[in-house]
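Open the model in your viewer and show side chains and surface. This tour goes from one spot on the surface out to the whole chain.

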Amino acid sequence: MLARKYDYEEQWAQPEREQPVQPGARPRRAHKPNYKLFRRRLFVTAALVLGMYFATVMRSAALVSAGNHLIKLQTQESQLIAKNAELKIEVDQLKGPERITSIAEKQLGMKVARSNIYVKAVHQ
């Protein structure tokens, strides 16, 4: 008997589908990666990230500046409150009857009339 040589690979291989060729159509080229589009997208993404970074830095600087201004205002407020308390004490001292009587006696030559002093008695 003669041995036959069988090609089993051919038997199981799927036939390739061929696209019908249209007249005037160009054959399709293999798809190349589009590096130009990738670079453009990368540049836009980097620009967005840098823009957001600079915006964050500017906002942080504005917050620090506002914080420093607030601290200055609080310091000024505490100084003004202390000065106001001192002035209130001074006003109370200037309003006191002792001061008025001393000015009347020293500068105007007046004397306190002891006969006109009335004392109110409390009845029980």
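Select Leu50, Tyr53, Phe54 and Val57. These residues form a nonpolar patch on the surface. Together they have about 420 Å² of accessible area. Bear in mind that this is a predicted model.

Now keep Val57 alone. Is Val57 buried, exposed or partly exposed? Its relative accessibility is 37%. Val57 counts as partly exposed because that value lies between the 20% and 50% cut-offs.

Extend the selection to residues 35-95. This is helix α2, and Val57 sits in it. Color by pLDDT next. Among the elements of the protein chain, α2 has the highest mean value, 96.

Move to residues 8-12. Here is helix α1, with the lowest mean pLDDT of the elements, 55. Where pLDDT is low, do not read the predicted coordinates in detail.

Zoom out to the protein chain. Its mean pLDDT is 82, and 71% of its residues reach 70 or more. Switch to cartoon: there are three helices and zero strands. From the N terminus, the order reads α-α-α.

Finish with the surface. About 13900 Å² is exposed, and carbon and sulfur atoms supply 59% of that area. Of the 124 residues, 2% are buried.

Technical notes:
Residues are numbered from 1 along each chain as its sequence is written. This is a predicted model: local features need pLDDT of at least 70, side-chain atom pairs count only at pLDDT 80 or more; totals for chains, interfaces and linings use all residues. Side-chain values use heavy atoms; hydrogens and water are left out. Patches are made of residues with over 30% relative accessible area and no salt bridge: like charges are joined within 9 Å, nonpolar side chains (Val, Leu, Ile, Met, Phe, Trp, Tyr) within 5 Å. Accessible areas come from the Shrake-Rupley method with a 1.4 Å probe; for residues, only the protein chains shown count as cover. A salt bridge is a side-chain nitrogen of Lys or Arg within 4 Å of a carboxyl oxygen of Asp or Glu. Helices (H or I, at least four residues) and strands (E, at least two) are DSSP runs, numbered from the N terminus. Buried means under 20% relative accessible area, exposed over 50%, partly exposed in between (1.4 Å probe, protein chains only). pLDDT is the predictor's confidence in each residue, from 0 to 100.
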